[in-house]
Amino acid sequence: QKLLHFDQVESTQEIGHQLASQGKPHGTVVIADAQGKGRGRMARNWHSPKGKGIWMSILLRPDLPPMRAPQLTLLAATVLAKMVRENTNLHPQIKWPNDLLIDHKKVSGILTEMQAEHDQIQYVVLGIGMNVNQQLNEIPQDIRHKASSLKIESGQEWDIQQTIQSILRLFENTYDSYVERGFEQVKKEWEYFGYRIGEEVTISTMRRKWQATLIGIEPDGALRARDKEGNEEKLYSAEIQWG
Ligand code: BTN
């Protein structure tokens with residue numbers, strides 16, 4: 001059985017790591033109805049109320065060097081965007097590196113954790129959190145201006161199991177073609193959905209804040225941007241703002 005379903009866990013990421021160390025195979029999926037300690041990027045927490053969203057982690061054992069792991073995150077983001085595109089008239093966008101936005105609000109996030117050794121990936125636990133059936137008053141107040149759900153954006157209730165199935169089906173297809181043919185197609189799709197690509201934004205890092213035009217992503221997952229003087233730069237970690 002490759003699909004494990006729990007009512008309630010602390011975090012499907014933790015279970016993913018446990019299963020990996022027990023030697024469970026590539027493609028094992030952990031799903032929970034609710035998480036008590038859902039984890040987001042940058043040590044943030046991820047609100048995961050019962051039955052309201054997709055809280056899942058996918059165990060991958062790719063035959064790749066660690067430097068290609070960011071490509072898997074970008075790949076997962078394109079899968080989520082394609083799922084929304086296939087099932088609605090909405091226009092999902094991906095905010096670099098991997099937030100899925102609808103109408104400028106975040107509905108989904110991805111957390112990729114990797115174990116590597118001898119310049120080879122041992123395994124990756126790829127966590128997907130997707131807000132599905134929350135109503136506006138079920139989104140925590142402090143993030144309500146910037147977070148949303150599929151239901152809020154589409155105006156209808158979603159079948160969570162079916163949505164999981166369509167994500168997994170698309171993930172499998174996209175992953176297989178990535179393994180066979182490489183990153184080029186994923187890069188194209190990512191840039192198609194890419195938020196503010198070709199537009200001027202404000203970029204901030206720990207050290208500085210400046211205006212730039214977003215150009216696209218690099219094979220290593222970096223974001224390429226061009227400043228007012230025409231200098232191009234690759235970014236590995238930054239906040240993007242607009243307006
Ligand atoms: C982000 O910060 O945008 C990433 C959020 C990732 C949340 C998912 S929910 C399933 C998996 N288990 C976790 O604890 N986190 C990820």
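## Arg41 and the annotated binding site

Arg41 touches Gly109 and Leu111, leaving aside residues up to four places away in sequence. The model is a predicted one. Arg41 sits in the loop between β2 and β3. It has 15 other C-beta atoms within 10 Å, so Arg41 is partly exposed. The residue also appears in a UniProt record: an unreviewed entry places the feature "binding site" at Gln35, Arg39, Gly40, Arg41 and Lys106.

Arg39 belongs to that list. Its place, too, is in the loop between β2 and β3. Arg39 touches Ser11, Gln13, Asn45, Trp46 and Leu111, again not counting residues up to four places away in sequence. Leu111 is thus among the contacts of Arg39 and of Arg41. Is Arg39 buried, exposed or partly exposed? The cut-off for buried is 20 or more other C-beta atoms within 10 Å. Arg39 has 19 C-beta neighbours inside 10 Å, so it counts as partly exposed.

## Domains

The domain assignment of the protein chain gives domain 1 (3-193) and domain 2 (200-241). Their centres, taken over C-alpha atoms, are separated by 24 Å. At the contact between them, 12 residues of domain 1 meet seven residues of domain 2. On the domain 1 side, α2 and α5 (184-193) each supply at least two residues. Helix α2 gives the most to that side, with four residues.

The UniProt annotation "domain: BPL/LPL catalytic", from an unreviewed entry, covers residues 4-179. Over residues 4-179 the chain is 31% helix and 30% strand. The end C-alpha atoms of this stretch are 25 Å apart.

## The seven-stranded sheet

Seven strands form an open sheet with mixed pairing. The order is β1-β2-β3-β7-β6-β5-β4. Which strands stand at the edges? They are β1 (3-9) and β4 (93-95). Each has a single partner strand, so one side of each is left without a neighbour in the sheet. From one strand to the next, the twist averages 20°.

Strands β6 (residues 105-117) and β7 (residues 120-131) run antiparallel and are joined by 10 bridges. Glu117 stands opposite Gln120 in β7. Helix α2 packs on this sheet. It touches β3 (53-60), β4, β5 (99-102), β6 and β7. The direction of α2 makes about 150° with that of β6.

Another helix, α4 (residues 160-181), lies across β2 (29-35) and β3. It runs at about 30° to β3. Gln165 lies in α4. With 12 C-beta neighbours inside 10 Å, Gln165 counts as exposed. Along the chain, Gln165 and Arg39 are 126 residues apart. Their C-alpha atoms are separated by 23 Å.

## The five-stranded sheet

A second open sheet has five strands in the order β11-β10-β9-β8-β12. Here the pairing is antiparallel. β11 (232-235) and β12 (239-241) stand at the edges. Each of these has a single partner strand, so one side of each is left without a neighbour in the sheet. Neighbouring strands are turned by 45° against each other on average, direction ignored.

Strand β10 (residues 223-227) pairs with β11 over four bridges, in the antiparallel sense. Within this pair, Arg224 stands opposite Lys234 in β11.

## The nonpolar core

In soluble globular proteins, nonpolar side chains tend to be buried together. In this model, the largest nonpolar core has 56 residues. Those with the most contacts inside it are Met56, Leu75, Ala76, Ala77, Leu80, Val124 and Leu126. Which helix gives the most to this core? It is α2 (residues 69-87), with 11 residues. The core draws at least three residues from each of domain 1 (3-193) and domain 2 (200-241).

Leu126 touches Ser57, Ile58, Leu60, Leu72, Ala76, Ile110 and Thr112, not counting residues up to four places away in sequence. One of these contacts, Ala76, is also on the list of core residues with the most contacts.

Helix α2 links several parts of this report. It packs on the seven-stranded sheet. It gives the most to the core. It also gives the most to the side of domain 1 that touches domain 2.

Notes
Residues numbered from 1 in each chain as written. Predicted model: local features only at pLDDT ≥ 70, side-chain atom pairs only at ≥ 80, totals over all residues. Core = buried A, V, L, I, M, F, W, Y, C linked by C-beta atoms within 7 Å. Domains from an automatic or database assignment. Contact = placed C-beta atoms within 7 Å. UniProt positions renumbered as here; feature names shortened; annotations may be inferred. Pairing = 2+ DSSP bridges. Axes fitted to C-alpha atoms, helices over the stretch in contact; angles between N-to-C directions.
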